Amino acid sequence: MASTFQRSAHGDLGPRELADRLAIRELVDAYAHCADRRDVEGQMSLFTADTEFLVYMDSRNPVATQEIRGRDGLRPVFENLSAYEATTHFNGQSTVTLEQDSATGVSYCLAHHVKRDGASRNLMIASIRYLDHFVRIDGNWLFRQRKLMVDWIDNRPLGAG
């Protein structure tokens, strides 16, 4: 089976493109950091005012299970993370395609959510792919659209802690 992955040549990247790629990676990482620290305001600030945030709880289904339009609509989604005792969003590989002040990207994340139910604790791990559209506004990269694609979920009991 032939691979569809295209490897980028990085020998000719200029300082601007390198800075843009680093800034976009830092944006993706800031999203995870803010989520895990319950920094709702910080997390919201990573998005454009007219953002679209689309959730696909089954990545094989082309219909979004949740659609949020506008930065202010993100607040309840991000505040909902406080239902968990702890979360850890571990970012993995990513790809970015740049076009001046706009970019698209795919990034992978293993999201760990710990929830307490009485004396027991449970761990939910979600394998997520984010399909992103980024824009540069006033020199800062922001999410214009973020599609959260859940590829699989595993639920299991967690030891006492």
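Which residues is serine 59 in contact with, leaving aside its neighbours within four places in sequence? In this predicted model, the list reads Arg129, Met149, Val150 and Asp151. Serine 59 itself sits in the loop between strand 1 (47-56) and strand 2 (66-69). At 18% relative accessibility it counts as buried, because the cut-off for that word is under 20%.

To see where that loop belongs, it helps to step back to the whole chain. The secondary structure comes to three helices and six strands. Read from the N terminus, the order is α-α-β-β-α-β-β-β-β. The radius of gyration is 17 Å, close to the 15 Å that the globule rule gives for 161 residues, so the chain is as compact as a globular protein of that length. Along the principal axes, the C-alpha atoms fill a box of roughly 55 × 45 × 30 Å.

A few totals round out the overview. Of the 161 residues in the chain, 37% are buried. Among contacts with a separation of 6 or more, 58% are between residues 24 or more positions apart. The chain exposes about 9600 Å², and carbon and sulfur atoms supply 52% of that area. As for charge, there are 19 positive and 22 negative ones, and the mean positions of the two sets are 4 Å apart.

Next comes helix 1, which covers residues 15-37 and so has 23 residues by the way helices are marked out here. From its first C-alpha to its last it reaches 32 Å, close to the 33 Å expected at 1.5 Å a residue. Quite a few of its residues are tucked away: Asp20, Ile24, Leu27, Val28, Tyr31, Ala32, Cys34, Ala35 and Asp36 are buried. Two of these turn up again below, as partners of residues in the strands: Val28 touches serine 107, and Tyr31 touches tyrosine 130.

Right after helix 1 comes arginine 38. This residue lies in the loop between helix 1 and helix 2 (40-44). Its phi is near 60°, a positive value in a residue other than glycine. Arginine 38 counts as partly exposed, at 26% relative accessibility. Aspartate 138 also has a positive phi, about 50°, although it is not a glycine. That aspartate lies in the loop between strand 5 (120-137) and strand 6 (140-158). With a relative accessible area of 77%, aspartate 138 is exposed.

Another aspartate to look at is aspartate 72, in the loop between strand 2 and helix 3 (75-79). Its relative accessible area is 64%, and it counts as exposed because that value is over 50%. Aspartate 72 and alanine 49 are 23 residues apart along the chain, and their C-alpha atoms are separated by 7.7 Å.

Now for the strands, starting with serine 107. This serine is found in strand 4 (residues 102-117), and it is buried, with a relative accessible area of 4%. Not counting residues up to four places away in sequence, serine 107 touches Val28, Gln93, Ser94, Ile128, Arg129, Tyr130, Asp132 and Arg146. Valine 77 is another story: it is 30 residues from serine 107 in sequence and 20 Å away in space, C-alpha to C-alpha.

Tyrosine 130, one of the residues that serine 107 touches, is found in strand 5. At 4% relative accessibility, tyrosine 130 counts as buried. Setting aside residues up to four places away in sequence, its contacts are Tyr31, Gly105, Val106, Ser107, Cys109, Arg146, Lys147 and Leu148. Threonine 88, in turn, is 42 residues from tyrosine 130 along the chain, with 16 Å between the two C-alpha atoms.

Where does serine 127 lie? Like tyrosine 130, serine 127 is placed in strand 5. It counts as buried, at 11% relative accessibility. Leaving aside neighbours within four places in sequence, serine 127 is in contact with Cys109, Leu110, Met149, Val150, Asp151 and Trp152. That brings the picture back to serine 59, whose partners include Met149, Val150 and Asp151 as well.

Conventions:
Residues numbered from 1 in each chain as written. Predicted model: local features only at pLDDT ≥ 70, side-chain atom pairs only at ≥ 80, totals over all residues. Heavy atoms only, no water. Helix = DSSP H or I, 4+ residues; strand = E, 2+ residues; numbered from the N terminus. Rg over C-alpha atoms; globule rule 2.2 N^0.38 Å. Buried < 20%, exposed > 50% of the residue type's maximum accessible area, 1.4 Å probe, protein only. Contact = heavy atoms within 4.5 Å. Areas by Shrake-Rupley, 256 points an atom, 1.4 Å probe, with all protein chains shown as cover. Lys, Arg positive; Asp, Glu negative; His and termini not counted. Charge placed at Lys NZ, Arg CZ, Asp CG, Glu CD. Expected span 1.5 Å × (residues − 1).
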